[in-house]
Amino acid sequence: MSAVCQVTGRKPGFGKQVSHSHRRTSRRWDPNVQRRRYWIPSEGRWVTLRVSAKGIKTIDKRGIEAVVAELRAKGVKL
């Protein structure tokens, strides 16, 4: 499973982990992506989305109907 938010498009960040001896190794910072189910009243069904914590806040603010309409305009199959 890729760590990409369907709402905000957040992806992992890449960089280096620096130890005490200053030895550098590659690492990645994954976004806080969770699988959430949302009820869409107009369609009378549940939709499962992979959203980050920021995406959950966006849905709470704008509403699931508006977010789903925007995703469908982008061509995402729900």
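So, the buried residues of helix H2 pack against three elements: strand E3, residues 33-40, strand E4, residues 45-52, and helix H1, residues 53-62. One thing to say right away is that this is a predicted model. Which residues of H2 are buried, then? H2 covers residues 64-74, and the buried ones there are Ile64, Val67, Val68 and Leu71. If you look down the axis of H2, those buried residues fall within an arc of 95°, so they line one face of the helix. And just after H2 you get Gly75, with a positive phi of about 100°.

Okay, over to H1. Here the buried residues are Gly55, Ile56, Thr58 and Ile59. They cover an arc of only 160° around the axis, which puts them on the same side of H1. Now look at the other side of H1: Lys57, Asp60 and Lys61 are exposed there. What covers the buried residues of H1 includes E3, E4 and H2. So if you've kept H2 in mind, its buried residues pack against E3, E4 and H1, and H2 in turn is among the cover for H1. Just after H1 comes Gly63, and Gly63 has a positive phi of about 100°.

Let me stay with Thr58 for a moment, since Thr58 lies in H1. Is Thr58 buried or exposed? The relative accessibility of Thr58 is 18%, and the cut-off for buried is under 20%, so Thr58 counts as buried. Leaving out residues up to four places away in sequence, Thr58 touches Val7, Thr8 and Gly63. That's the Gly63 with the positive phi just after H1.

Now the aromatics. How many aromatic pairs does a search of the whole structure find? The search comes back with 1 aromatic pair. The rings of Trp39 and Trp46 have centres 5.4 Å apart and planes at 65°, so we call the pair edge-to-face. The reasoning there is the angle: planes over 60 degrees apart count as edge-to-face. As for exposure, Trp39 is partly exposed at a relative accessible area of 41%, and Trp46 is partly exposed too, at 44% relative accessibility. There's also a charge at Trp46: Arg37 lies over the face of the Trp46 ring, at 4.2 Å from the ring centre.

While we're in that part of the chain, have a look at Pro41. Pro41 is in the loop between E3 and E4. Pro41 is exposed, with a relative accessible area of 54%. Pro41 and Glu65 are 24 residues apart along the chain, and their C-alpha atoms are separated by 8.4 Å.

Next stop, the loop between E1 and E2. Strand E1 is residues 13-18, strand E2 is residues 24-29, and Arg23 lies in the loop between them. His22 lies in the loop between E1 and E2 as well. What catches my eye about His22 is the backbone: phi of His22 is near 70°, a positive value in a residue other than glycine. His22 counts as exposed, at 52% relative accessibility. Arg23 counts as exposed as well, at 61% relative accessibility. What does Arg23 touch, not counting residues up to four places away in sequence? Gln17 and Val18. And here's a distance to keep in mind: Arg23 and Gly44 are 21 residues apart in sequence, but 55 Å apart in space, C-alpha to C-alpha.

Right, let's zoom out to the whole chain. There are 2 helices and 4 strands. Starting from the N terminus, the elements run β-β-β-β-α-α. What about overall dimensions? The C-alpha atoms fill a box of roughly 60 × 20 × 20 Å along the principal axes. A compact globule of 78 residues would have a radius of gyration near 12 Å, whereas this chain has 16 Å.

On burial, buried residues make up 27% of the 78 residues. On the surface side, the chain exposes about 5,700 Å², and carbon and sulfur atoms supply 50% of that. Last number, on contacts: take those with a separation of 6 or more, and residues 24 or more positions apart account for 38% of them.

To recap the picture: the buried residues of H2 line one face of the helix, because they fall within that 95° arc, and they pack against E3, E4 and H1. Over at the tryptophans, Trp39 and Trp46 make the edge-to-face pair, with Arg37 over the face of Trp46. That's it from me.

Technical notes. Residues numbered from 1 in each chain as written. Predicted model: local features only at pLDDT ≥ 70, side-chain atom pairs only at ≥ 80, totals over all residues. Heavy atoms only, no water. Phe/Tyr/Trp six-rings, centres within 6.5 Å; stacked < 30°, edge-to-face > 60°. Buried < 20%, exposed > 50% of the residue type's maximum accessible area, 1.4 Å probe, protein only. Lys NZ or Arg CZ within 6 Å of the ring centre and 35° of its normal. Arc of directions from axis to C-beta. Contact = heavy atoms within 4.5 Å. Rg over C-alpha atoms; globule rule 2.2 N^0.38 Å. Areas by Shrake-Rupley, 256 points an atom, 1.4 Å probe, with all protein chains shown as cover.
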